[in-house]
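Hi everyone, thanks for coming. Let me put the structure up, and then we'll talk about cores and empty space.

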Amino acid sequence: MGQGLENVRRIYLEGIAGGNAREAVMKYTGHRYTQHSTGVGDGAEGFLAFFEPFVERNPKREIEIKRIFEDGRWVFCSAYQSLNDGAAQWVTMDMFYTDADGLILEHWDTIAAYVADTAAGTDMVGGATKPDPSTDTEVSKAVVLEYTKQVRQEGDISKLDQFVSADLVQHAATIKAGPAGLAAWLASDDAGAYEMLFNIMGQGDFVVTYSKRHAHGKDIAVFDLYRVADGKIVEHWMNEEEISPREAWGNSGKF
């Protein structure tokens, strides 16, 4: 486990869940903290301006990190949050860039409501939790990259079976089970147009992409998390957030 991954874990569990936002942001961020969560300002003071009132508003914070992995200086983390005895439940996916010492320099995220009754009937945050270190990361990333290019960006759904297992386990809240469910969603107006792949990172059999798509007249920031086995995608999670109008941003934006 790298220091960057450990620092991400600590800022989540000590700073947010534990309510020690000031101590955590000072300890685990570097010479800058560039923020892309649009409701939060840049730097330590931006973090504190958001999270100190958040802690006061939400005295009961149950936060469980469901998946966390690293790719060089990049760290991905996904968490489930239950606030005030379940009054609000959220799923977050976060991406961080760290310096050579593992201190956090930059942060991107999407935040979505937890959906108990998903289209596929699976748990939105269930499934495999840890990357398989015996799997070649670069092979896994290559599969996902080609799927993203050929199926998502170019829209060639006929190639789906080249990249997706017949036993696909689907966790995305709005996509029905299996390859057929994924194909139907990709062909729908809900999927819209896949406009930009911002980053791809992975560890072992886990690969995540951070992207922008446009659907129903809205720009959407989306993390797609995949698990790859035997050269095909066997499990999929998706977390997305509508991008708010520019005048509402507290920083330079989602990307």
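So, which residues have the most contacts inside the largest nonpolar core? Keep in mind that this is a predicted model. The answer is Val8, Tyr12, Ile16, Phe47, Ile68, Cys77 and Phe96, in a core of 26 residues. Helices H1 (3–17), H2 (21–28) and H3 (43–57) each put at least two residues into this core, and so do strands S2 (61–71) and S3 (74–83).

Take Ile68 from that list. Leaving out neighbours within four places in sequence, Ile68 is in contact with Leu5, Val8, Arg9, Val75, Phe76, Cys77 and Pro131. Val8 and Cys77 also came up a moment ago among the residues with the most contacts inside the core.

Apart from the largest core there's another one, with 20 residues, including Tyr147, Val151, Leu182 and Ala191.

Okay, on to the empty space. Rolling a probe the size of a water molecule over the atoms shows where empty space is left. With a cut-off of 30 Å³ or more, the structure holds 1 cavity, and the space in the largest cavity is about 40 Å³. Around it you'll find Tyr147, Val164, Leu168, Gln170, Leu182, Tyr226, Ile233 and His236. Tyr147 and Leu182 are familiar from the core of 20 residues. Strand S6 (164–170) gives the most to this lining, with 3 residues, while S10 (232–242) is another strand that supplies at least two. By class, that's 6 nonpolar, 2 polar and no charged residues.

Now the pockets. The largest pocket comes out at about 510 Å³. It has 28 lining residues, and the closest to the centre are Ser37, Phe50, Phe51, Asp109 and Ile111. H3 provides the largest share of that lining, 5 residues. Among the other elements giving at least two are H1, strand S1 (29–35), S3 and S10. The classes here are 13 nonpolar, 9 polar and 6 charged.

And what is the volume of the second largest pocket? That one is about 340 Å³. Of its 18 lining residues, Thr174, Arg213, Ile220, Met238 and Glu240 lie nearest the centre. S10 brings the largest share, 5 residues. S5 (104–113), S8 (206–215) and S9 (218–229) also give two or more each. This lining divides into 9 nonpolar, 3 polar and 6 charged residues.

If you want one strand to click on, try S10: it supplies at least two residues to the lining of the largest cavity, of the largest pocket and of the second largest pocket. That's it from me.

Terms used. Residues are numbered from 1 along each chain as its sequence is written. This is a predicted model: local features need pLDDT of at least 70, side-chain atom pairs count only at pLDDT 80 or more; totals for chains, interfaces and linings use all residues. Side-chain values use heavy atoms; hydrogens and water are left out. A nonpolar core is a set of buried Ala, Val, Leu, Ile, Met, Phe, Trp, Tyr and Cys residues joined through side-chain atoms within 4.5 Å. Buried means under 20% relative accessible area, exposed over 50%, partly exposed in between (1.4 Å probe, protein chains only). Helices (H or I, at least four residues) and strands (E, at least two) are DSSP runs, numbered from the N terminus. Contact means heavy atoms within 4.5 Å. On a 1 Å grid over the protein atoms alone, a cavity is a set of points where a 1.4 Å probe fits but cannot get out, and a pocket is an open set with protein on both sides within 12 Å along at least five of seven lines; lining residues have an atom within 4 Å of a point. Grid points are joined across faces, edges and corners, and a volume is the space filled by probe spheres set on the points. Ala, Val, Leu, Ile, Met, Phe, Trp, Tyr, Cys and Pro count as nonpolar, Asp, Glu, Lys and Arg as charged, and the others, Gly among them, as polar.
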